[in-house]
Amino acid sequence: MKKPFLVKNINFYPPLLGAGIKVTRMSDDYTEIDVAMKLTWWNRNIVGTQFGGSLYAMTDPFFMLMLMMQLGKDYIVWDKAASIRFVRPGRGRVRALFRLSQDEAMQIRDMADLNGKTEPVLKVDIIDDDGQIIAEVDKTLYVRKKAEKTKPKT
């Protein structure tokens, strides 16, 4: 599967680059993406820990991207909602390890096909280098098959 330009160059995508967010690993089949963010003056809040908006930003596009790439161009995939629960302050580098197996993606596809659409909730934790949970994130996606284009009658 050929990676689109934005996917190949995702670390240069301005919202990620500006926050210091870096994709450290992406599997060829889009079932795994690892993201990291160091604590810098760009993403430090007033009390010297990771800024909450930057923590959320490091989780924003990845489940949508993974599902779009796994399902292909016949499906519409959008982020619909998200929630983040801050557990403890991020005092250094933090990571988010996104996992979406092909079986999970096919279950989501099947639900969309069966019901016309589906809104799966996918979860990821943001962790520090000691494995401590910094924040818990729930992402709700919207998925449906694209309408088939009909050719006009001549």
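How many positive and how many negative side chains does the protein have, and how far apart do the centres of the two sets lie? The tally is 25 positive and 19 negative, with 7 Å between the two centres. Keep in mind while looking around that this is a predicted model.

Start with the overall picture. The C-alpha atoms fill a box of roughly 65 × 30 × 25 Å along the principal axes. Some 37% of the 154 residues count as buried, and the protein exposes about 9,500 Å², with carbon and sulfur atoms supplying 55% of that area. Now walk along the chain: you pass five helices and six strands, in the pattern α-α-β-β-α-α-β-β-α-β-β. Take the contacts between residues at least 6 apart in sequence, and 67% of them turn out to join residues at least 24 apart.

The six strands make up an open sheet with antiparallel pairing, in the order 1-2-4-5-6-3. Strand 1 (21-26) and strand 3 (75-86) sit at the edges; each has a single partner strand, so one side of each is left without a neighbour in the sheet. On average, neighbouring strands are turned by 25 degrees against each other, direction ignored.

For a look at one pairing, go to strand 5 (residues 121-128) and strand 6 (residues 133-145). These two run antiparallel and are joined by seven bridges. Here you'll find D125 standing opposite E136 in strand 6.

Next, bring in the helices. Helix 4 (residues 62-71) packs on the sheet and touches strand 1, strand 2 (32-37), strand 3, strand 4 (94-99), strand 5 and strand 6. The direction of helix 4 makes about 155 degrees with that of strand 3. Helix 5 (residues 102-115) lies across strand 3, strand 4, strand 5 and strand 6, and runs at about 45 degrees to strand 6.

Finally, zoom in on a residue of strand 4, L97. Is L97 buried, exposed or partly exposed? Its relative accessible area is 32%, and since buried means under 20% and exposed over 50%, L97 comes out as partly exposed. Leaving aside residues up to four places away in sequence, L97 touches I33, D34, V124, D125 and I127. D125 is the residue we met opposite E136. As for F62, it is 35 residues from L97 along the chain, yet their C-alpha atoms are separated by 9.9 Å.

Key:
Residues are numbered from 1 along each chain as its sequence is written. This is a predicted model: local features need pLDDT of at least 70, side-chain atom pairs count only at pLDDT 80 or more; totals for chains, interfaces and linings use all residues. Side-chain values use heavy atoms; hydrogens and water are left out. Two strands pair if DSSP finds at least two bridges between them. Helices (H or I, at least four residues) and strands (E, at least two) are DSSP runs, numbered from the N terminus. Axes are lines fitted to C-alpha atoms, for helices over the stretch in contact, and angles run from 0 to 180 degrees between N-to-C directions. Contact means heavy atoms within 4.5 Å. Buried means under 20% relative accessible area, exposed over 50%, partly exposed in between (1.4 Å probe, protein chains only). Accessible areas come from the Shrake-Rupley method with a 1.4 Å probe; for residues, only the protein chains shown count as cover. Lys and Arg count as positive and Asp and Glu as negative; His and the chain ends are not counted. The place of a charge is taken as NZ of Lys, CZ of Arg, CG of Asp or CD of Glu.
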